[in-house]
Amino acid sequence: MRLIVAGIGTEIGKTLVSAIACRAFEADYWKPVQAGELDNSDSHKVAMLSGAKTWPEGYRFQAAMSPDAAAAREQKTIEIAKLQPPEPPQRLVIELAGGLMVPLSPTLLNIDLIESLACPVLLVSRYYLGSINHTLLSIELLRQRGIPLAGLVFNGKSNTASRDAITARCEAPVWLELPDLDSIDSNTVDHYAENLRQHRTMA
């Protein structure tokens, strides 16, 4: 199975969740677009945290900007035809750059890429003022596009009211709740991967 890890925004915790999912399900990892931090990319972080095999990104850009802007700075255009998942891994975690409506080019959004990949989405949310709205908007967009929502992950200091407001309006299960973590290493990933493995399967 292939699983897309998407977020309700940036700096939400997608890379940590991707590492946990890779470890839990013994999956490979692929990030279609990396913008910025090329010397310490998300692929590198996931490999270090989970031991997963990582595949080369479809595009790599120097600037830590939205993918369309980073591509334009290098006089390039992201093409969906060049964002094809690597073969032959049967278990693959795909991490997006930013939220669902992040532009990849003047005519292409992350949601378009998700639709073309035809994989279920694990949506990562984070507790902050406004996250209910951002999470439900993301869920509604996936519904409108007919994209399966495999589950939710919540990050940050627990907020039961926010969680309940979201889950009451969404049938997808909660895969994980991750607290604010002072440090993250392979032991952290192992701990949450075991928890995930006991409750979910990546068929």
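Glu37 counts as partly exposed, because its relative accessibility is 48%, and the cut-off for exposed is over 50%. This is a predicted model. The points below cover two residues with positive phi, Glu37 and Glu26, and then the largest pocket, with about 820 Å³ of space.

**Residues with positive phi**

- Most residues other than glycine have a negative phi.
- Glu37 is not a glycine, yet its phi is positive, at about 50°.
- The loop between E3 and H2 holds Glu37.
- Glu26 also has a positive phi, near 50°, and is a residue other than glycine.
- Glu26 sits in the loop that runs between H1 and strand E2 (28–30).
- Glu26 counts as exposed because its relative accessibility is 71%, where the cut-off is over 50%.

**The largest pocket**

- The space in the largest pocket comes to about 820 Å³.
- Its lining consists of 39 residues, and those closest to the pocket centre are Thr10, Glu11, Ile12, Lys14 and Thr15.
- Two or more lining residues come from each of helix H1 (14–25), strand E3 (33–35), helix H2 (42–50), strand E6 (92–99) and helix H5 (131–145).
- Strand E6 gives the most to this lining, namely five residues.
- Sorted by class, the lining of the largest pocket has 18 nonpolar, twelve polar and nine charged residues.

**Elements shared by both topics**

- H1 gives two or more residues to the pocket lining, and the loop between H1 and E2 contains Glu26.
- E3 and H2 each give two or more residues to the pocket lining, and Glu37 is in the loop between E3 and H2.

Note on methods
Residues are numbered from 1 along each chain as its sequence is written. This is a predicted model: local features need pLDDT of at least 70, side-chain atom pairs count only at pLDDT 80 or more; totals for chains, interfaces and linings use all residues. Side-chain values use heavy atoms; hydrogens and water are left out. On a 1 Å grid over the protein atoms alone, a cavity is a set of points where a 1.4 Å probe fits but cannot get out, and a pocket is an open set with protein on both sides within 12 Å along at least five of seven lines; lining residues have an atom within 4 Å of a point. Grid points are joined across faces, edges and corners, and a volume is the space filled by probe spheres set on the points. Helices (H or I, at least four residues) and strands (E, at least two) are DSSP runs, numbered from the N terminus. Ala, Val, Leu, Ile, Met, Phe, Trp, Tyr, Cys and Pro count as nonpolar, Asp, Glu, Lys and Arg as charged, and the others, Gly among them, as polar. Buried means under 20% relative accessible area, exposed over 50%, partly exposed in between (1.4 Å probe, protein chains only).
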